[in-house]
Amino acid sequence: MNYASTRRTFLANSALGALAAGVPLFGQAAQPAGTQTTTQSPAPTPPPAKRTPMPRMAPPYDKATINMIGRPISGYTPQIGTMVSMLTWMEPAVLAPTRDLTREQLDYLFDKNANTIGALMLHLAATEVLYQRITFGNENFDKLPADYEAKWGPAMNLGAAGREKIKGHDVAYYQDAIREAREKTLVEFAKKDDAWFTTALKEPGWGGGPVNNFCLWFHVCEHISHHAGQIDLLIKRLPGAKNDDSAG
C-alpha cells in the first residue's frame with residue numbers, strides 16, 4: 001500500500017464523492033430544481049501505475065493488522081507490543097515511496113550541503129543499531145564506540161563523510177539494512193518486559209530529567225517520521241519528478 005498517496009488523497013476523494021452525490025462544496029451554489037445543465041462526461045480515470053511490491057519487512061507487512069496500533073502481539077508484553085506496532089507502522093513511510101528509486105536517484109545531491117536519500121535511509125538503520133546498544137546493551141558512552149564508528153559512523157553523522165562514502169548502492173542495500181536492524185530489535189524486545197521498558201533509568205535524559213526505555217524507543221519511532229518527511233520532499237524534487245500538488 002502506498003500510504004503517502006492514501007493519506008493525502010483522502011480529502012480529495014471525499015470531495016469527489018460529495019460532488020458525485022450532488023452535494024455543494026465550499027460555497028458552490030446548488031442548482032435550482034428543474035434547471036438543466038449540460039456537462040461533458042468525465043474522462044475515464046487512468047489505471048494506477050504499477051508499483052514494485054513492498055520489500056520484505058520485519059515483521060512481514062500485513063494489511064489486516066498494520067493499522068491496529070496497541071493490539072496484543074504474541075511474544076511481547078503489552079507496552080512493548082504497542083511500541084512494536086508503532087515501529088512497524090512507521091516502516092512503510094520510508095520503504096514505500098523509495099522502493100522504485102534508481103541508484104542515481106538514491107545518490108542524487110541537491111547541493112554541497114545536502115544528504116542523499118540513500119544516506120538518510122542508512123541513517124535510520126544506524127540510529128536503530130545505536131539505540132539497541134544503549135538500551136539492550138546498557139552501554140553508556142560520551143562518543144560513539146570505535147567498532148560502531150567504523151561501520152556506522154558516516155551513516156550516523158551524515159554530512160561530508162556520508163556524502164563521500166554512502167553511494168553506489170541499489171535500493172535493496174538500504175532496505176536490507178533497515179530490515180536487519182529491525183529484526184535485531186524485535187529479538188531483543190521479546191526478552192524484555194514492561195517494567196524494564198517503563199522504569200526510569202539511572203542516567204538523566206534530555207533536559208536532565210528522568211528517562212525510560214519507552215521514551216528512548218519512542219524517539220527512534222519519531223526519528224523515522226522526521227526523516228521520512230525529508231525523504232518525501234527530496235523525492236518530489238528529483239530531476240524529472242512528476243508535478244504533484246499534494247502536501248510535502
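Helices, the elements named below with the letter α, are DSSP runs of H or I with at least four residues, numbered from the N terminus. The model is predicted: local features need pLDDT of at least 70, side-chain atom pairs count only at pLDDT 80 or more, and totals for chains, interfaces and linings use all residues. Residues are numbered from 1 along each chain as its sequence is written, and side-chain values use heavy atoms, with hydrogens and water left out.

E128 lies in helix α4, which covers residues 117-135. Burial is judged by relative accessible area, with a 1.4 Å probe and protein chains only: buried means under 20%, exposed over 50%, and partly exposed in between. With 4% relative accessibility, E128 is buried. Contact here means heavy atoms within 4.5 Å. When neighbours within four places in sequence are set aside, E128 is in contact with A181, R182, T185, W217 and V220.

One of these partners, W217, leads to the nonpolar core. Such a core is a set of buried Ala, Val, Leu, Ile, Met, Phe, Trp, Tyr and Cys residues joined through side-chain atoms within 4.5 Å. The largest one has 55 residues, and those with the most contacts inside it are M83, I117, M121, F189 and W217. Two or more residues each come from α2 (78-98), α4, α5 (146-157), α7, α8 (194-198) and α9 (213-236). Helix α4 gives the most, with eleven residues. Apart from neighbours within four places in sequence, the contacts of W217 include M83, L87, Y131, F136, F189 and F197, as well as E128 and T185.

Attention now turns to helix α7, which spans residues 171-189. This helix has 19 residues and reaches 27 Å from its first C-alpha to its last. That is close to the 27 Å expected at 1.5 Å a residue, where the expected span is 1.5 Å times one less than the number of residues. Among the buried residues of α7 are Y174, I178, R179, A181, R182, T185, E188 and F189. The cover over the buried residues of α7 includes α2, α3 (103-106), α4, α8 and α9. E183, also in α7, is partly exposed, with a relative accessible area of 33%. Its C-alpha is 7.7 Å from that of P59, although E183 and P59 are 124 residues apart in sequence.

Charged pairs complete the picture. A salt bridge is counted when a side-chain nitrogen of Lys or Arg is within 4 Å of a carboxyl oxygen of Asp or Glu. The structure holds nine of them. E91 forms a salt bridge with R182, and the closest N and O atoms are 3.4 Å apart. This pair links distant parts of the chain, with E91 in helix α2 and R182 in helix α7, 91 residues apart. E91 is buried at 3% relative accessible area, and R182 is buried at 2%.

Within α7, the side chains of R179 and D176 meet in a salt bridge at 2.9 Å, N to O. R179 and D176 are separated by about one helical turn because they are three residues apart in this helix. R179 is buried at 7%, whereas D176 is partly exposed at 31%. E188 and K191 form another salt bridge, at 3.2 Å from N to O. E188 is buried, with a relative accessible area of 12%, whereas K191 is exposed at 58%. Salt bridges that share partners also join E91, E128 and R182 into one network.
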